[in-house]
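I opened this model to look up how its interior is packed and how its strands are arranged. My notes follow in the order in which I looked things up.

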Amino acid sequence: MAQRITDPHGRLPRQDGGRDSERRGEGLPALPSRESRHRPLFEPLQVGPVRLRNRIIKTAAESCFTDASGEVTPELLNFYEAIAAGGVGLLIVESPTIDHPLSMANGHGFRIDDDRYLPGLSRLAAVIQQHGCPAFIQLHHAGPWHLKEFFGLDPLSVSATPEPELPHFAPAREITVEEIEGLVSKFTDAALRAQRAGFDGVEINAAASHLLGVFLSRAWNGRNDHYGGESLENRSRIVTEIIRGIKARCGADFPITLIVNGLEAGRPGSMTLNESRGIAALLAEAGADAIQVRFHCHGNLAALWPEQLLYPEPIDELPAQADWSRGGAGAYLPIAEAIKRAVDIPVIGVGRLDPTIGAQALLQGQIDLVGMTRRLIADPELPNKLLAAQDEDIAPCTACLGCLDDAAMFRPIRCRINGHLGADRKQVFLPAPRSEHVVVVGSGPSGMEAARMAALKGHRVTLVSRDRKLGGLMRIAAMVKGQEVEELEAIITYYRRQLAALGVTIRLGRRMTPQRVAELEPDQLILATGGVPTAPDLPGLNDCHKVVRSGELMEAARRALGFVGPETLRSLSHWWMPIGKRVVILGGAIAGCELAEFLVRRGRDVKLLHSGDLTTLGDGLTELMKRSLLPWLARRGVEVLVGARCDAISDEGLSVTTAEGESRLLAADSFVTALPLEPDTSLLDHYRGAAPVVKAVGDCVEPGLILDAVHSAAGVFAERGE
Ligand SMILES: Cc1cc2nc3c(=O)[nH]c(=O)nc-3n(C[C@H](O)[C@H](O)[C@H](O)COP(=O)(O)O)c2cc1C
Ligand code: SF4
């Protein structure tokens with residue numbers, strides 16, 4: 001029978017690989033037969049001389065667990081150790097700085113451009129390898145993606161680019177031949193340092209529009225020396241020189257993986273599949289040991305995350321060569337497959353891959369290795385859970401890209417389902433000194449996470465909620481958003497299963513009262529009762545018959561969702577909703593914008609009123625969603641009044657003063673309030689003293705996103721080592 005993983009310490013026993021790459025990955029545990037569909041994932045594979053215990057690769061991704069010192073931090077070690085311990089076959093660490101400051105995208109990150117960083121880098125390699133996982137490290141030069149605002153220096157590119165790829169990039173200057181030669185040395189120096197630090201290999205990022213990527217692409221490479229032009233040999237020269245340089249200095253058996261754009265779009269001269277196949281063959285001939293293939297859309301950063309290219313409707317540049325049949329999951333596999341036919345080294349696929357799609361792709365020979373980032377951030381234990389036939393216990397990545405938003409703001413990444421990134425998991429999951437009775441009130445994300453954490457710490461847990469189903473506002477959000485991109489219901493399914501497995505007593509459809517609290521005799525009472533909807537303080541609001549308050553809508557949805565699922569209610573809403581044909585939404589943050597999309601899709605004429613400025617329009621949406629949803633709303637005829645002040649409301653209409661000082665009367669059939677929730681700690685005061693410890697978490701303390709709610713609850717037992 002498969003061993004059950006109930007917490008991060010209940011992991012499968014795994015082999016001790018030591019520091020010897022040849023030995024790592026041996027002693028693979030048998031895969032339960034029920035999970036044979038994932039069997040291809042657990043076939044070992046050789047990358048150069050390094051043997052991987054399975055085919056799942058953590059691809060490089062900036063985590064921002066760094067500080068201004070340029071040193072490897074304890075949080076960075078914890079972050080990567082958790083992933084290595086989770087059983088991944090190969091871990092590729094994110095890029096350190098190889099040439100300060102121009103190689104960096106921004107002013108943040110750890111460094112590999114000097115020997116003084118060797119001790120920290122060695123610790124990093126060792127914490128990964130001690131779990132039997134080989135450690136590679138990505139080397140890259142940001143090139144045109146270097147942000148000038150940090151050091152005041154012009155970014156470098158293959159050719160001068162007076163018109164940068166994105167508005168916030170500065171024009172780049174052309175790199176000289178001398179600088180190219182220097183750069184090749186910087187890459188080889190960094191690789192040698194990585195090797196001295198104990199890394200098993202390096203990855204060279206020649207993708208996106210980073211410096212090496214723009215050499216490869218005709219879209220940017222306008223040189224007419226031997227690093228440019230139509231010839232693939234010339235355009236690949238800088239990369240092949242780096243590969244050969246590293247092999248010369250680190251030894252032919254020091255493995256190098258490459259990342260390339262298998263296909264590009266968005267600019268004249270974008271890379272074709274024929275070109276990338278030719279380039280891949282040249283890189284393999286130069287000594288590359290494996291190659292990772294992506295799609296890049298110039299001017300659209302979302303291309304790394306294929307599902308994002310479909311939201312809210314598919315972009316014009318969607319490549320026909322990709323496979324869009326699974327909502328973006330594994331979309332780029334056919335591109336990787338085309339490259340695989342051109343080379344005889346392992347090919348790594350990436351882009352919303354999951355274990356099932358990955359295993360199928362391996363079986364069909366489309367790729368050799370399954371690259372993942374977000375699913376391993378969400379649950380570093382994913383490989384071990386697959387091995388233990390516990391795939392239903394894998395914490396789902398629901399593609400919210402909250403992690404990316406943190407990285408884009410240079411903040412340590414957080415995940416909406418994993419509240420412990422960068423934390424010392426041994427401490428976090430240390431059993432409580434004494435098992436107590438913890439009563440959690442509320443079944444939204446913070447309530448469910450608090451209950452899960454309490455149970456993992458060894459407490460006896462009771463979760464009470466007035467709702468008839470678990471999920472709280474997430475069920476309403478799932479109804480509004482749909483499942484196409486974010487898969488919110490997967491979070492609820494996950495928690496339902498975890499709470500049941502952990503023995504949490506769940507009492508739904510019950511309001512908490514002082515008498516009930518007294519009956520339950522909790523040692524700890526955790527209130528996760530949510531924030532309160534608000535309406536604007538607007539003359540006439542209470543008398544206008546056309547006002548639909550968000551609180552009323554939520555209550556109606558909550559009641560309906562007690563009987564039907566979010567998807568069913570979403571379908572029914574195409575037929576009927578308590579909202580008229582012409583709608584004005586009051587509130588332009590995430591709730592207002594997503595409601596606008598929902599209503600437009602149901603044939604409503606929508607106006608969106610946002611009292612703040614442009615920078616706060618869509619607050620709470622990820623940057624990528626803002627970039628796609630706001631223009632979509634405009635294209636679908638939604639008038640957005642930014643900086644508008646509401647003066648009064650009546651059945652005749654809403655009087656507003658626009659940002660330009662113009663008075664307007666907006667007539668509508670429904671005026672829907674969609675302001676952010678406000679905190680509500682009244683219950684905290686009410687129940688103070690009802691248990692030795694009373695705490696509040698989530699929206700009732702500080703309304704925010706699911707990610708904020710989960711984090712607030714994940715930390716609730718950290719304070720007293722409880
Ligand atoms: C927060 C975040 C940061 C990333 N940073 C990098 C990076 O520094 N270098 C890189 O090559 N890819 C980076 N990526 C891309 C990932 O390696 C990967 O290609 C992408 O997330 C798609 O895989 P997934 O769907 O499994 O997450 C990043 C991804 C995320 C989510
Ligand atoms: S923050 Fe969102 S996208 Fe990122 S790993 Fe977590 S669930 Fe996935």
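**Nonpolar cores**

I began with the interior of this predicted model, and I found that the largest nonpolar core has 151 residues, where those with the most contacts inside it are Leu 124, Ile 128, Leu 139, Phe 199, Ile 238, Leu 258 and Ile 291. I then asked which helix gives the most to this core, and it is α4 (residues 177-197), with 8 residues. The same core draws at least three residues from each of domain 1 (33-425) and domain 2 (432-532 + 704-714).

I picked out Ile 238 and listed what it touches: leaving aside residues up to four places away in sequence, these are Ile 180, Leu 183, Val 184, Leu 212, Phe 215 and Tyr 227. I also noted a second, separate core of 29 residues, which includes Val 485, Leu 561, Leu 595 and Leu 599.

**Helix α20**

I turned next to α20 (residues 590-600), which is mostly covered, with 9 of its 11 residues buried. The buried ones include Leu 595 and Leu 599, and also Glu 594 and Glu 597. Among the elements that cover these buried residues I recorded α15 (473-481), α19 (566-572), β18 (582-586) and β24 (670-673).

**The sheet**

Finally I traced an open sheet of 5 strands, which run in the order β17-β24-β18-β19-β20 with parallel pairing. Because β17 (547-548) and β20 (639-642) stand at the edges with a single partner strand each, one side of each is left without a neighbour in the sheet. Looking at β18 and β24, I found that 4 bridges join these parallel strands, and that Leu 586 has Thr 673 in β24 as its bridge partner.

Definitions and conventions:
Residues are numbered from 1 along each chain as its sequence is written. Chains are lettered from A and ligands numbered from 1 in the order in which they are written. This is a predicted model: local features need pLDDT of at least 70, side-chain atom pairs count only at pLDDT 80 or more; totals for chains, interfaces and linings use all residues. Side-chain values use heavy atoms; hydrogens and water are left out. Buried means under 20% relative accessible area, exposed over 50%, partly exposed in between (1.4 Å probe, protein chains only). Helices (H or I, at least four residues) and strands (E, at least two) are DSSP runs, numbered from the N terminus. Contact means heavy atoms within 4.5 Å. A nonpolar core is a set of buried Ala, Val, Leu, Ile, Met, Phe, Trp, Tyr and Cys residues joined through side-chain atoms within 4.5 Å. Domain bounds come from an automatic or database domain assignment. Two strands pair if DSSP finds at least two bridges between them.
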